Amino acid sequence: MLPVFLVTFPFFALIAAGYGAARARVLPLDAIPGLNTFVLYFALPCMLLRFGAGTPIGQLLDGSVALVWGICALVVVAGVVAFTRNARVGWNDAAFGALVAAFPNTGFMGVPLLVAILGAQAAGPMIIAIAFDMVVTSSLCIGLSRLDGMGAGAAGGGAQAARKALRGILVNPMPWSILLGVLLSAARWQLPGPLERTVAMLADAASPVALFTIGAVLARSALLAREHDASAAVAEALGTGVQPAPRAPWGDVLPVVVVKLLVHPLLIWGLGQGAIALGLPLSPAALVVMVLVAALPSASNVSMLAERFGADNGRIARIILWTTVLAFFGFPLAVGLLR
């Protein structure tokens, strides 16, 4: 366990550094969107392109990995929506709770972390997982989030959500970088030397900046929530009629955290073992990668999606924060059990 912890510690330490920098306002909150833009539009696409181009095409088109990962993602979404909807949590909040339970932080955290632990052969299953979650899981949850208040405007709301989801996929550079990497791998082409070095430099920056940004985003969510509560409390005391927004109870947060860090990886492991027993050509090494990806914290970009679609972003941010904190202890244990 100690060697595994020594490998994982720097990754979580960078998250903690970003959290501390934003919390202490050493990093201005206004700078966080710029960090996000750099990672999302420049560094991370280059890292995925480089891994995709250097991965054998058979690993990038592994139907067994896509099938097991896809079934488990859909089961998690259906289960979380079914069991978390209540008087406080409608379709919108339940759908984004399901997304935060099924969508691990594979891009910002998983790719550099698992490549450091397992080697470059871990990139193939992770690229498949990223592509499925960005295209299928996210679109499904956005569609489910529009089911609140089914009525005359429901069809229009659903169509608008579908257009937003499609637009989000088309303008996201990550799927395009994955596709370009697949094409380069299939054709066995290499980028020209100067361009390849440029891509490599940006790719090398992806891991530290992405991890630092995750911490900063979590700190910003905590600071904004605290400032909102304080301003609402002052307004209430002055008799303006403004009431502080109720904080999501632990009963709406903890079950999703458990699903993300425990149920999801166990579901992947169980279905994968069953698929291997039935003769599906799923390699044990790919299954290990998928289980560890499922054991990662929730993707931080779900918070931005929840805010855009009017869900309870405070609840989503708390889930992301606690999955990240608990994964500091749980992820090294998962690695130790599976290696």
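# Notebook: a walk through a helical model

**Entry 1: S185**

I started with S185, which sits in helix α9, a helix covering residues 173-187. A reminder to myself before going on: this is a predicted model.

Is S185 buried or exposed? I looked up its relative accessible area and found 10%, so S185 counts as buried, the limit being under 20%.

Next I asked which residues S185 touches once its neighbours within four places in sequence are set aside. I noted G52, A53, T55, P56, I57 and L60. I57 earned a second look: its backbone nitrogen is 3.3 Å from a polar atom of the S185 side chain.

**Entry 2: The whole protein**

I then stepped back to see the overall make-up. How many helices and how many strands are there? I counted 14 helices and zero strands. Reading along the sequence, I wrote down the pattern α-α-α-α-α-α-α-α-α-α-α-α-α-α.

The protein has 339 residues, and 47% of them are buried. I also checked how far along the chain the contacts reach. Taking contacts between residues at least 6 apart in sequence, I found that 84% join residues at least 24 apart.

**Entry 3: Helix α1 against helix α14**

Here I looked at helix α1 (residues 2-23) and helix α14 (residues 313-338), which pack together with their axes 9 Å apart. The angle between them is about 170°. Angles over 145 degrees count as roughly antiparallel, so that is how I describe α1 relative to α14.

Which residues meet at this contact? From α1 I listed V4, F5, T8, F9, F12, I15 and Y19. Facing them from α14 are L321, T324, A327, F328, F331, P332 and V335. I sorted the residues of this contact by type: twelve are nonpolar, two are polar and none is charged.

I added a note on L333, another residue of helix α14. Its relative accessibility is 45%, so L333 goes down as partly exposed. L333 and F5 are 328 residues apart along the chain, yet their C-alpha atoms are separated by 8.5 Å.

**Entry 4: The nonpolar cores**

I went looking for the largest nonpolar core and found 91 residues in it. Which of its members touch the most others? They are F96 and F331. I had already met F331 on the α14 side of the contact with α1. As for where the core residues come from, the largest share, eleven residues, belongs to helix α7 (residues 123-145).

I followed F96 further. Not counting residues up to four places away in sequence, F96 touches I142, S145, V302, L305, A306, F309, A311 and I316. Apart from this core I found another, made of nine residues, including A22, L27, V217 and A219.

**Entry 5: Two more buried residues**

I picked T106, found in helix α6, which runs over residues 106-118. With a relative accessible area of 2%, T106 is buried. Beyond residues up to four places away in sequence, T106 touches V111, M126, I130, V293 and L296.

Then I turned to V259, placed in helix α11 (residues 250-277). V259 is buried as well, with a relative accessible area of 18%. Which residues does V259 touch, not counting those up to four places away in sequence? I noted V76, V80, A101, H264 and P265. I also checked V259 against G79: they are 180 residues apart along the chain, and their C-alpha atoms are 9.4 Å apart.

**Entry 6: Two arginines with positive phi**

I kept a backbone check for the end. Most residues other than glycine have a negative phi. With that in mind, I wrote down R25, whose phi is positive, near 65°. R25 lies in the loop between α1 and α2, and it is partly exposed with a relative accessible area of 42%.

R188 also has a positive phi, near 55°. Where is R188? I found R188 in the loop between α9 and α10. Is R188 buried or exposed? Its relative accessible area is 77%, so R188 is exposed.

Methods. Residues are numbered from 1 along each chain as its sequence is written. This is a predicted model: local features need pLDDT of at least 70, side-chain atom pairs count only at pLDDT 80 or more; totals for chains, interfaces and linings use all residues. Side-chain values use heavy atoms; hydrogens and water are left out. Axes are lines fitted to C-alpha atoms, for helices over the stretch in contact, and angles run from 0 to 180 degrees between N-to-C directions. Helices (H or I, at least four residues) and strands (E, at least two) are DSSP runs, numbered from the N terminus. Angles under 35 degrees count as roughly parallel, over 145 as roughly antiparallel, 65 to 115 as roughly perpendicular and the rest as oblique. Contact means heavy atoms within 4.5 Å. Ala, Val, Leu, Ile, Met, Phe, Trp, Tyr, Cys and Pro count as nonpolar, Asp, Glu, Lys and Arg as charged, and the others, Gly among them, as polar. A nonpolar core is a set of buried Ala, Val, Leu, Ile, Met, Phe, Trp, Tyr and Cys residues joined through side-chain atoms within 4.5 Å. Buried means under 20% relative accessible area, exposed over 50%, partly exposed in between (1.4 Å probe, protein chains only). A polar contact is a pair of N or O atoms within 3.5 Å; within protein, one must be able to donate a hydrogen and the other to accept it, and residues adjacent in sequence count only if both atoms are side-chain atoms.
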